[in-house]
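Reader: Please take one part of this model and follow it closely through its neighbours, with the distances and the burial spelled out. I would rather have one connected account than a list.

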Amino acid sequence: MLELELLFDTGETSYYKDKDSNYYALNYWYMDKAEFREYAGIEPEYSYLDEDGDVCHEWEDDKWDLDGEIIQGYVDNYLKKNYPIVEDGDKAEDGDIFKVKEGDNGWHEEIEEYKLKEKQNNE
């Protein structure tokens, strides 16, 4: 199983590195917050039976914040289930983890800026 180490999070995208120094990202900005519920440990606001007798839940997603721990839970589950890593970030759909490559849609540049800042901080 692929293991990813979090490098940094911009508030829109989380960036990761594997043991071979390949870079990956999850752009979660446009994802439906409902996709993170199971990692947030929240309960439904209200539950009821519909006309067919099925249990339905109402959620209040504005009452909880998306944080790094919740995003990491999503990423760990994604990798555990062996969902595909998208090779091109421009072709990634909401919720896909994708490889970051030079010349992509700005994701590589964000990693390069991060590495430069880290280098300056360590000098």
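**Around a loop and its contacts**

Author: Ala 34 has a relative accessibility of 25% and therefore counts as partly exposed, because that class covers the values between buried, under 20%, and exposed, over 50%. Please keep in mind throughout that this is a predicted model. Ala 34 belongs to the loop that runs between β3 and α1, the latter being residues 37-40. Across the fold, the C-alpha atom of Ala 34 is 8.5 Å from that of Trp 59, although 25 residues of chain separate the two.

A side chain to examine along with this is Lys 33, which lies over the face of Trp 64 at 4.6 Å from the centre of the ring. Trp 64 sits in the loop between β5, residues 55-58, and α2, and since its relative accessible area is 9%, Trp 64 is classed as buried. Towards another part of the chain, the C-alpha atoms of Trp 64 and Gly 103 are separated by 36 Å, the two residues being 39 apart in sequence.

The loop between β5 and α2 takes part in charged pairs as well, and the structure holds 4 salt bridges. In one of them the side chains of Asp 61 and Arg 37 meet at 2.8 Å, N to O. Asp 61 lies in the loop between β5 and α2 while Arg 37 is in helix α1, so this salt bridge ties together parts of the chain that are 24 residues apart. Asp 61 and Arg 37 are both buried.

Another salt bridge joins the side chains of Glu 45 and Lys 63, at 3.0 Å from N to O. Glu 45 comes from the loop between α1 and β4, residues 46-49, and Lys 63 from the loop between β5 and α2, so that distant parts of the chain, 18 residues apart, are linked. Here the partners sit in settings of their own: Glu 45 counts as partly exposed because its relative accessibility is 47%, and Lys 63 counts as exposed because its value is 61%.

A further salt bridge, between the side chains of Lys 101 and Glu 87, spans 3.3 Å from N to O. It connects distant parts of the chain that are 14 residues apart, with Lys 101 in the loop between β6 and α3 (107-122) and Glu 87 in the loop between α2 and β6. With a relative accessibility of 39%, Lys 101 is partly exposed, and Glu 87, at 45%, is partly exposed too.

What, then, does Asp 18 do with no salt bridge, although it is buried? Its nearest side chain of opposite charge, that of Lys 99, is 6.3 Å away, and a salt bridge requires the charged atoms to lie within 4 Å, so this pair does not count. Asp 18, which is found in the loop between β2 and β3 (23-27), has polar partners instead: its side chain reaches the backbone nitrogen of Asp 20 at 2.9 Å, and a polar contact of 3.0 Å joins it to the side chain of Tyr 24.

Tyr 24 leads into the strands. It is the bridge partner, in β3, of Tyr 16, and Tyr 24 stands opposite Lys 99 in β6. β2 and β3 run antiparallel and are joined by 5 bridges, and in their hairpin, with 5 residues between the strands, Ser 21 takes a positive phi near 65 degrees. β3 is joined by 4 bridges to β6, residues 97-100, again antiparallel, and β3 is mostly covered, with 4 of its 5 residues buried.

Finally, the rings: the structure holds 8 aromatic pairs. Those of Phe 8 and Tyr 15 count as stacked because their centres are 4.6 Å apart and their planes meet at 20 degrees, and both residues are buried. Tyr 74 and Tyr 78 form a tilted pair, 6.2 Å from centre to centre with 40 degrees between the planes. Because they are 4 residues apart in helix α2 (residues 68-80), about one helical turn separates them, and both are buried. These two tyrosines belong to a cluster in which ring pairs link them with Phe 36, Tyr 39 and Tyr 83.

Terms used: Residues numbered from 1 in each chain as written. Predicted model: local features only at pLDDT ≥ 70, side-chain atom pairs only at ≥ 80, totals over all residues. Heavy atoms only, no water. Phe/Tyr/Trp six-rings, centres within 6.5 Å; stacked < 30°, edge-to-face > 60°. Buried < 20%, exposed > 50% of the residue type's maximum accessible area, 1.4 Å probe, protein only. Helix = DSSP H or I, 4+ residues; strand = E, 2+ residues; numbered from the N terminus. Lys NZ or Arg CZ within 6 Å of the ring centre and 35° of its normal. Lys, Arg positive; Asp, Glu negative; His and termini not counted. Polar contact = N/O pair within 3.5 Å; in protein donor to acceptor, adjacent residues only side chain to side chain. Pairing = 2+ DSSP bridges.
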